[in-house]
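Open your viewer, switch to a cartoon view and get ready to select as you read. We will go stop by stop, and each stop says what to pick and what is there.

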Amino acid sequence: MTLRLYNTLTKEKDELAPLFTDADGKPHVRMYVCGPTVYDFAHIGNARPVIVFDVLFRLLRHLYGADHVTYVRNITDVDDKINARAAVEYPDLPLNEAIRRVTEKTDAQFQADVAALGCLPPSEQPRATEHIDAMKAMIERLIEKGVAYVAEGHVLFSPSEMNRLDHGLPRYGQLARRSLDEMLAGARVDVAPYKREAMDFVLWKPSDDHEPGWPSPAGIPGRGRPGWHIECSAMSMAKLLEPFGGGLSCDDPQKNTFDIHGGGIDLVFPHHENEIAQSCCAFGSPRMANIWMHNGFLQVEGEKMSKSTGNFVTIRELLNDWPGEVLRLNMLKTHYRQPIDWTLKGLEESANMLSSWHRLADLAKDAIVDPSFVEALKDDLNTPMAIQHVSSWTKAKPGQVFSSASFLGHGFLIPSDVAERAQLMRGALALLGLLPPDRQVDVARVNALITARLEARKAKNFAEADRIRNELDAMGIALKDAKDPATGEIVTTWEVKR
Ligand SMILES: Nc1ncnc2c1ncn2[C@@H]1O[C@H](COP(=O)(O)OP(=O)(O)OP(=O)(O)O)[C@@H](O)[C@H]1O
Ligand SMILES: [Zn+2]
């Protein structure tokens, strides 16, 4: 089966068909996920998209090869929430210096938190402040096309003007499945005076002298700063279109569409709708990204975990009590589109489950990736199904056919050989990012050191042999020497210490 992903745009599971081909003739997948606004500790709800799209990134690397996937997750380091936090936290510093301190500190915390949750660094993590020129170029293009206008030092995007353009572009509201007329009818009455219509949204706004700002686009005097939505349109252009032959100077729609765009379900409207409006109008392309994926909410007692309601627990706090892999597994037990209720009981179950998995994986030195396990992930990242499969390796009796009727309609055979099950377990855990760092054994290095130690012993260089044993010990590897009864030679086996 090819990889199928649920697409918010089509409301169906669509097959991924990468648009770009690398020089070696192999397909290249491009994925963009909206990243954090860096002003405060991330909560475990914010970790959900990071973990979900990390699993997808790992799966794509497995299916297409690590060199054939580009995953971009941005860092929003210009935002009024950041300005507000900086003024409160460092009232004695000039605002721009205070902002720099807040964003640097928060970004470092975020990177450390998500690394502890087993997430690989994305291929690129562009910062909004490094792409202001790209934002300005897009804004000027949108004004030229008549879908954006200048008013009182602001630049605003007009969804009504977009819908008046008649050239195969998406209608505003296509992703959210809401019509612009309905939205306008239901809009608030206290619309900012510089907006022509209630649904118009900000591309650029003026900055006071003490606020962060850059020379404004489109001949507007003075300084200003971008709105949130244009940041993602510009950064995805800079990282996923221009390096692949697309961009503002290219009017080939194929070259101005990338493969996957993701984020939490709350980003569908207005953020992603507005990203689509900006990008499709700027490039004249019918699609910004082919597949739009959205994760469901992490909830506490039925309510979305969020900063504003105060019902949140930070990743950092949870990491004090639980290994990152337990938090990660607890997230993956639920399908990414379903809501998760975050409970202590769930965490305890995940901890138990994971320790039995690790015990089995520790029996193996090598990893094998089980095709049925991968099939589950290829079906819209069905992690609960994949986990059910993995659990069967520890639970069911070897040799038994595990007949889960729901498992893609087939039963599957549990290998009777424990060594084989251990290898499968190691492969599955690596693909899900659930091996703790001390269990991610560099097998080639261990084997090379063991060979070197045996050679040292043969040469009666016992000091060197002991040094190597100590080095392996520090890596968490325990050695066992035995004599091969047939040849009389020393044979060394190893295992990961618990
Ligand atoms: N409870 C949650 N469950 C799943 N994803 C979430 C949750 N809260 C935020 N996200 C996601 O985290 C990412 C960062 O979002 P954002 O920076 O808007 O979060 P936030 O400002 O902390 O939100 P809130 O104020 O609601 O807590 C987005 O992709 C968003 O969809
Ligand atoms: Zn975005």
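Before the first selection, one definition: helices are DSSP runs of H or I with at least four residues, numbered from the N terminus. With that in hand, you can find α1 when the ligand comes up: the largest share of the shell around ligand 1, 4 residues, comes from this helix. Keep in mind throughout that this is a predicted model.

**The whole chain**

Start zoomed out. The protein chain has 16 helices and 19 strands, and its C-alpha atoms fill a box of roughly 90 × 55 × 50 Å along the principal axes. Colour by burial if you can: of the 498 residues, 41% count as buried. Contacts often reach far along the sequence, too. Taking those between residues at least 6 apart, 69% join residues at least 24 apart.

**Stop 1: ligand 1**

Select ligand 1 and the residues around it. Of the 19 residues there, Gly45, Gly264, Leu298, Ser306 and Lys307 come nearest. Now colour α1 (44–64) and β11 (258–264), each of which supplies at least two residues of the shell. What is the make-up of the shell around ligand 1 in nonpolar, polar and charged residues? The shell divides into 7 nonpolar, 8 polar and 4 charged residues.

**Stop 2: a three-stranded sheet**

Stay with Leu298, one of the residues that come nearest to ligand 1. Its bridge partner in β15 is Ile340. Strand β13 (298–300) and β15 run parallel and are joined by 2 bridges. Widen the selection and you see an open sheet of 3 strands in the order β14-β13-β15, with mixed pairing. At the edges are β14 (303–304) and β15 (340–341), each pairing on one side only.

**Stop 3: the N-terminal hairpin**

Select 4–15. Strands β1 (4–7) and β2 (12–15) pair in the antiparallel sense over 4 bridges. One pair to pick out is Asn7 with its bridge partner Glu12 in β2. The two strands form a hairpin with 4 residues between them, and Lys11 in the turn has a positive phi of about 60°.

In a regular strand the side chains alternate between the two faces of the sheet. Turn β1 to look for this: Leu5 and Asn7 are on its covered face, Arg4 and Tyr6 on its uncovered one.

Now click Arg4. It counts as partly exposed because it has 16 C-beta neighbours inside 10 Å, between the 12 or fewer of an exposed residue and the 20 or more of a buried one. Leaving aside residues up to four places away in sequence, Arg4 touches Lys13, Asp14, Glu15, Lys378, Asp379 and Asp380.

**Stop 4: a five-stranded sheet and its helix**

Select β6 to β10. These 5 strands form an open, antiparallel sheet in the order β6-β7-β8-β10-β9. The edge strands are β6 (148–151) and β9 (214–215), each pairing on one side only. At the β9 edge, 2 bridges join β9 to β10 (223–226), and Pro215 stands opposite Arg223 in β10. Then add helix α4 (132–144): it lies across β6, β7, β8, β9 and β10, running at about 100° to β6.

**Stop 5: helix α14**

Select 418–432. Why does the length of α14 agree with its residue count? At 1.5 Å a residue, its 15 residues should span 21 Å, and its end C-alpha atoms are 21 Å apart. The helix is mostly covered, with 11 of its 15 residues buried; among them are Arg421, Gln423, Met425 and Leu429. Just after α14, Gly433 takes a positive phi of about 75°.

**Stop 6: backbone details**

Finish with three spots worth a click:

- Phe269 and Pro270 are joined by a cis peptide bond, with omega about 0°; Pro270 lies in helix α8 (268–283).
- Arg177 has a positive phi of about 55° although it is not a glycine. It lies in the loop between α5 and α6, and is exposed, with 12 other C-beta atoms within 10 Å.
- Leu381 has a positive phi of about 50° and is likewise not a glycine. Its place is in the loop between α12 and α13, and with 25 C-beta neighbours inside 10 Å it counts as buried.

Key. Residues are numbered from 1 along each chain as its sequence is written. Chains are lettered from A and ligands numbered from 1 in the order in which they are written. This is a predicted model: local features need pLDDT of at least 70, side-chain atom pairs count only at pLDDT 80 or more; totals for chains, interfaces and linings use all residues. Two residues are in contact if their C-beta atoms, placed from the backbone, lie within 7 Å. Two strands pair if DSSP finds at least two bridges between them. Axes are lines fitted to C-alpha atoms, for helices over the stretch in contact, and angles run from 0 to 180 degrees between N-to-C directions. A residue is near a molecule or strand if its C-beta atom, placed from the backbone, lies within 6 Å of it. Ala, Val, Leu, Ile, Met, Phe, Trp, Tyr, Cys and Pro count as nonpolar, Asp, Glu, Lys and Arg as charged, and the others, Gly among them, as polar. The expected span of a helix is 1.5 Å times one less than its number of residues.
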